[in-house]
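User: I am a first-year student, and I would like a close look at a single part of this structure. Please take one strand with its neighbours and then place that part in its wider setting.

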Amino acid sequence: MEARIRRLPLTVAALLFAAGASAQGDDVLGDIISPDLERREIREAQIDSENIEFTTFGGVINVEDFGSNSLYGGALAYHINEDVFMEAAYGETELGESSFERLSGSAPLLTDEQRELSYYNLSLGWNLFPGEYFIFDDFALNSSLYLIGGVGNTSFADEEHFTYNFGVGARVLANDWLALRLDFRDHVFEHEIFGEVQRTNNLSAQLGVSFFF
Amino acid sequence: MFSFRSCIYSFCALVLLLVSSGTAALSPEPPENLPEDAELITVGSPYVNIYTGPGRGYPIFHVAEYGEKLWLLKRRTDWVKVYAHRDKSGWVRIVDLQEVYGEDGELVRVPLPDFSDVDSQHFHLGFSYGDFAGASSMGATLGYRFTANLSAELRATQAVGDFSDSQTYQVAVLHQPFPRWKLSPYFMLGTGINITTPNATIVATEDRRDTAMLTGLGVKTYLSRRFALRAEYANHYLLTSREENQEIVEWKLGFDVYL
């Protein structure tokens with residue numbers, strides 16, 4: 001009981017002090033705990049992007065019934081991420097004589113102008129196996145094996161042919177901006193030059209040099 | 001006695017100064033052929049892996065530690081080429097460069113473009129494949145997003161059919177009412193020209209060039225940060241010089257890439 005009475009003035013004093021402190025204003029507390037932090041400065045790095053790849057290629061294309069002929073062209077690719085790239089390509093070749101023309105000995109089916117075949121396509125590529133090719137024990141080149149496919153248009157004999165293409169390729173990088181590419185593609189389209197509609201599979205193999213910029 | 005002690009102090013200070021200048025000299029010398037726009041940064045995270053190539057399939061051959069200085073050289077997709085001391089250069093993931101500091105101690109960010117950042121203005125490029133009134137079609141689009149809801153597009157399509165081939169070139173405005181939805185619908189209005197070439201083997205007619213009005217609706221969905229799939233239905237209304245105008249229905253499936 002005595003102890004409780006002795007404690008009373010203490011409690012009152014504590015309460016008064018607390019009230020006084022809060023009445024004294026928030027500015028004292030504010031001064032103590034106000035954030036004195038400098039705002040963090042953030043800047044974007046000004047570095048160059050090199051996502052575009054330009055390729056020139058040459059190779060062989062076999063157009064069904066018209067023999068194997070040399071192929072040359074170019075492609076422009078945009079690398080979306082490390083796995084996927086989109087590519088627009090253009091190629092040209094000149095068709096040979098068809099077996100029908102050679103065997104029958106009749107007048108040629110197509111004029112020289114009609115034998116000029118050109119194609120373009122829009123494709124999506126997938127870098128399936130990125131890795132390194134070891135040439136010597138301690139010398140390796142970055143590379144990737146990719147699958148690619150898309151749609152396009154093949155133009156010859158005064159006709160347009162809607163074309164699906166798909167294939168596989170390998171890209172070996174000599175350095176950051178120079179690469180060697182080897183591509184195998186199947187170009188599938190229908191034509192009716194021999195009278196009836198015929199679906200053709202036309203294989204091409206091409207070797208290219210590409211530059212990243 | 002007093003002077004001897006002060007002598008020792010000054011000697012120690014000298015040694016410290018020499019040591020500190022010695023460590024300063026250890027920081028990497030810039031390589032000779034460093035491009036002018038290379039940026040010097042300091043690693044602020046515990047470590048950063050350096051790969052031999054810009055992809056997860058290439059091996060890690062070096063690690064840059066906390067406080068190490070690196071030069072950022074260039075970027076490819078989501079990777080940055082860096083130059084580190086001892087003549088090491090390789091590729092670093094951009095996500096690993098979230099905590100790097102510039103020469104004045106400021107935080108440096110390498111931007112990672114993202115479709116989900118709908119308020120940013122950006123270009124997008126797309127390829128598509130579809131059905132143009134029975135003919136197979138392929139197309140390319142180049143778009144620009146002005147606001148979260150509004151974008152403009154340049155569109156080119158070629159369709160190859162049994163009876164005729166068509167080429168269309170259009171300008172369109174797209175409105176996305178709910179740009180933050182995972183499956184975001186859009187409405188499209190546009191205009192352009194439509195060039196129709198009847199197949200020569202069937203009938204010998206001339207090419208037709210008509211003005212076309214375009215309306216359409218579609219849906220976009222984002223597969224990854226920079227890659228979106230889209231499906232679209234479009235109605236081409238050709239204002240022909242013949243008795244009747246012509247209507248063409250087109251279905252399309254394609255993808256868009258954030259540039």
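Analyst: The account may begin with one pair of residues: B:Ala84 stands opposite B:Lys88 in S6(B). The model is a predicted one, and every statement here should be read in that light. The strand that holds the attention is S5 of chain B, residues 79-84. S5(B) pairs with S6(B) in the antiparallel sense, over six bridges. The two strands form a hairpin in which three residues lie between them, and B:Arg86 in the turn has a positive phi of about 60°.

S5(B) also has a partner in S4(B), again in the antiparallel sense, here over five bridges. Within this pairing, B:Lys74 has B:Lys81 in S5(B) as its bridge partner. S4(B) and S5(B) likewise form a hairpin, with two residues between them, and B:Thr77 in that turn has a positive phi of about 45°.

The next matter is how far S5(B) is covered. Six of its six residues are buried, and the strand is described as mostly covered. In a regular strand the side chains alternate between the two faces of the sheet. In S5(B), B:Trp79, B:Lys81 and B:Tyr83 point one way, while B:Val80, B:Val82 and B:Ala84 point the other way, and all are buried.

The burial of S5(B) leads to the nonpolar core. The largest nonpolar core has 20 residues, and those that touch the most other members are B:Ile50, B:Leu70, B:Leu72, B:Val80, B:Val82 and B:Val92. Two or more residues of this core come from each of strand S1 (39-43), strand S2 (47-51), S4, S5 and strand S6 (88-93) of chain B. S5(B) supplies the largest share, five residues. B:Leu70 offers a view of the contacts made by one core member: leaving out residues up to four places away in sequence, B:Leu70 touches B:Ile41, B:Val43, B:Ala64, B:Val82, B:Tyr83 and B:Ala84. Apart from this core lies another, of 16 residues, which includes A:Phe57, A:Ile80, A:Val84 and B:Met138.

A record also speaks of this region. UniProt, in an unreviewed entry, places the feature "domain: SH3b" at residues 48-92 of chain B. Over residues 48-92 of chain B, the chain is 64% strand and 0% helix, and the end C-alpha atoms are 7 Å apart. The domain assignment of chain B gives domain 1 (26-108) and domain 2 (122-258). The C-alpha centres of domain 1 and domain 2 of chain B lie 43 Å apart. Chain B as a whole contains one helix and 16 strands. Of its 259 residues, 30% count as buried. Among contacts in chain B between residues at least 6 apart in sequence, 49% join residues at least 24 apart.

The view may now widen to the side of chain B that touches chain A. Here 39 residues of chain B are in contact with 32 residues of chain A. At least two residues of this side come from each of strand S4 (69-76), strand S5 (79-84), strand S8 (107-109), strand S9 (122-132), strand S10 (135-145) and strand S11 (150-160) of chain B. S4(B) gives the most to this side, with five residues. The residues of this side divide into 19 nonpolar, eight polar and 12 charged. Strand pairing also crosses between the chains: strand S1 of chain A, residues 42-44, pairs with S8(B) in the parallel sense over three bridges. A:Arg43 stands opposite B:Val108 in S8(B).

Chain A has strand pairings of its own. Strand S4 (residues 68-79) and strand S5 (residues 84-94) of chain A run antiparallel and are joined by nine bridges. A:Gly73 stands opposite A:Gly91 in S5(A), and S4(A) and S5(A) form a hairpin with four residues between them. S5(A) is further joined by 11 bridges to strand S6 (residues 116-136) of chain A, which runs antiparallel to S5(A). The bridge partner of A:Glu92 in S6(A) is A:Ser118.

A last residue shows how burial is decided. A:Ile148, in strand S7 (residues 139-156) of chain A, counts as buried because it has 24 C-beta neighbours inside 10 Å, where 20 or more are required. Beyond its neighbours within four places in sequence, A:Ile148 is in contact with A:Ser123, A:Gly125, A:Phe166, A:Gly167 and A:Gly169. A:Ile148 and A:Phe85 are 63 residues apart in sequence, and their C-alpha atoms are 9.1 Å apart in space.

Terms used
Residues are numbered from 1 along each chain as its sequence is written. Chains are lettered from A and ligands numbered from 1 in the order in which they are written. This is a predicted model: local features need pLDDT of at least 70, side-chain atom pairs count only at pLDDT 80 or more; totals for chains, interfaces and linings use all residues. Two residues are in contact if their C-beta atoms, placed from the backbone, lie within 7 Å. Ala, Val, Leu, Ile, Met, Phe, Trp, Tyr, Cys and Pro count as nonpolar, Asp, Glu, Lys and Arg as charged, and the others, Gly among them, as polar. Two strands pair if DSSP finds at least two bridges between them. Domain bounds come from an automatic or database domain assignment. UniProt positions are given in the numbering used here, feature names are shortened, and annotations may be inferred rather than shown by experiment. A residue is buried if 20 or more other C-beta atoms lie within 10 Å of its own, exposed if 12 or fewer, and partly exposed in between; C-beta atoms are placed from the backbone. A nonpolar core is a set of buried Ala, Val, Leu, Ile, Met, Phe, Trp, Tyr and Cys residues joined through C-beta atoms within 7 Å.
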